[in-house]
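Q: I have a new model open. How do I read its strands and its core?

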Amino acid sequence: MRRFLLALALAAGGLAAGWFILDQRSATAEASALPLDIWFTCDTNGRIEPCGCFSGQYGGLTRVSTVLASTSRPGLKLEIGNAIAGGEDYHILQFRYLLAAQGRLGYAALNLGAREASLSAESLRTLAKDSPVPLISANVLDAATGNPVVEPWRVVETGGLRVGLIGVVRSSKTDTHESVHIEDAFEALRRVIPTAKEKSDVLVCMAFTDETGLQEIARAFYELPIILGGDVSQPSQSLERVNQSWILATTNESRALGEIHTSWNPRTKSLGPVAGEITLMRDSIPEDPVIAAFSRDYRKEIRTTELDIDRPGLDEDVIQGAVPAASYLGSEACAGCHPSAYASWRKTQHAHAFDSLVRKDSDADPSCINCHVMGFGEPSGYRRSLKGERLVHVGCESCHGPGSEHVTARVSVVPGEEVFQKMRPVGPGFCVQCHHGEFSRPFRYEEFWPLIEHGKEVKAGGD
């Protein structure tokens, strides 16, 4: 009996020891997991800081910087695409400052989105060469050679973990330059994944595509445990699990910052628990003055830089040699026949619209000027060389069109005859070209119109 009890005790002890060993193995595996923390933006749209022309504006790398500085976790910072605001020369200049700001924040890579893909292959190569942030894309190719214009993928290290970053753009809205070819994203991923996987511990796909495209990539490629987007209608409401992938997406001009927190187990070659969220860059978040300086430096350089928009006659949509029938004169030219409308206008904020640009030192920034002057970029409209001396503010011709023909006809008309040179009628649809989103309080025509209401003069002759 004693021998039996001894054997039972030994067996129990061995079993307990076995459980301890298993627990230790589990704890060891847990301890060996390498942390993986990612913060990402998308559709930054040149937004180093909010423009400031209206209160309550969200976003800006200035606020992203403040949020990133509040965390002690080391990790990757990524841009998924559409960081540039457009394809004009001033957009490219602004993009350089944005890249410098993201470099300051330690961004590990920027994936080419649809707007970046609209630039020429040469411009993209030059930007990539000078950028402190690596530009990547597996499927933006040189149309002449078929080679990637920038790095198709790259490996970065964070916390001892080798992370392979693969970038693709898959957007029906991509209007590419003739020197650029967008390869099918699935073909590009099939080509680069094997090599990238061999040299990485874990792969992350940076995909500028819509919600359906993100899901399709996840279903086609089990090798991608994390897919970040994208060209989406709104930021993700929560993490999405599709096939073997976790998907999270953000957008909206850096007004939202995406983040994913997980770990990688080298032994099991799998992710640990995954947490993800989207944080809105609210106006209550302080702006980092160090990052704001990049925007200030851009505005300083743009003021002394000659741009295409400064040279009239270069608009490719204008027939060479053709002269527009009407030209801009300024609101003062309307005052003689429309005194009450002019007096009404003088009392509105429209009559001081350009002043807000001057206060922000943005009066030479083409990205801002259009909604604060008359006819910017048109042959007879406001030009930066005028330096605010005429055709400024949101005047009569900002809404009703150039008025020289109307004024000439009105001056020469025989009393009693009708003036046939009419000005452009305006309705709510025209107003929202400038009064939209954050550039206005919620726009309701019936509420805004009384603030600027005007019409025909009581006396005969006005129209």
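A: We will take one strand, then its partners, then the packing. Keep in mind that this is a predicted model.

Q: Is strand β1 mostly covered or mostly open?

A: Start with burial. A residue counts as buried at under 20% relative accessible area. In β1, residues 34-41, six of the eight residues are buried. The strand is mostly covered.

Q: Which way does β13 run against β1, and how many bridges join them?

A: Look at strand direction, then count bridges. β13, residues 256-265, runs antiparallel to β1, with seven bridges. For a checkpoint, find Phe40; its bridge partner in β13 is Gly258.

Q: In what sense does β1 pair with β2?

A: Parallel, over four bridges. β2 covers residues 76-79. Here the checkpoint is Trp39, whose bridge partner in β2 is Lys77.

Q: Which helix joins β1 and β2 in a β-α-β unit, and what is its hand?

A: Follow the path from strand to helix to strand. Helix α2, residues 61-69, makes the unit with β1 and β2, and the unit is right-handed.

Q: Which residues have the most contacts inside the largest nonpolar core?

A: Ile38, Leu78, Val163, Leu165 and Leu228. That core has 66 residues. Its largest share, eight residues, comes from helix α3, residues 89-104. Another core lies apart from it, with 24 residues, including Ile193, Cys205, Ala218 and Phe221.

Q: What does Val163 touch, beyond residues up to four places away in sequence?

A: Select it and list the contacts. Among them are Leu36, Leu76, Val156, Ser200 and Val204. Arg154 and Thr158 are also touched by Val163.

How values were computed. Residues are numbered from 1 along each chain as its sequence is written. This is a predicted model: local features need pLDDT of at least 70, side-chain atom pairs count only at pLDDT 80 or more; totals for chains, interfaces and linings use all residues. Side-chain values use heavy atoms; hydrogens and water are left out. Buried means under 20% relative accessible area, exposed over 50%, partly exposed in between (1.4 Å probe, protein chains only). Helices (H or I, at least four residues) and strands (E, at least two) are DSSP runs, numbered from the N terminus. Two strands pair if DSSP finds at least two bridges between them. A crossover is right-handed if, with the strands pointing away from the viewer, the path from the first strand over the helix to the second runs clockwise. A nonpolar core is a set of buried Ala, Val, Leu, Ile, Met, Phe, Trp, Tyr and Cys residues joined through side-chain atoms within 4.5 Å. Contact means heavy atoms within 4.5 Å.
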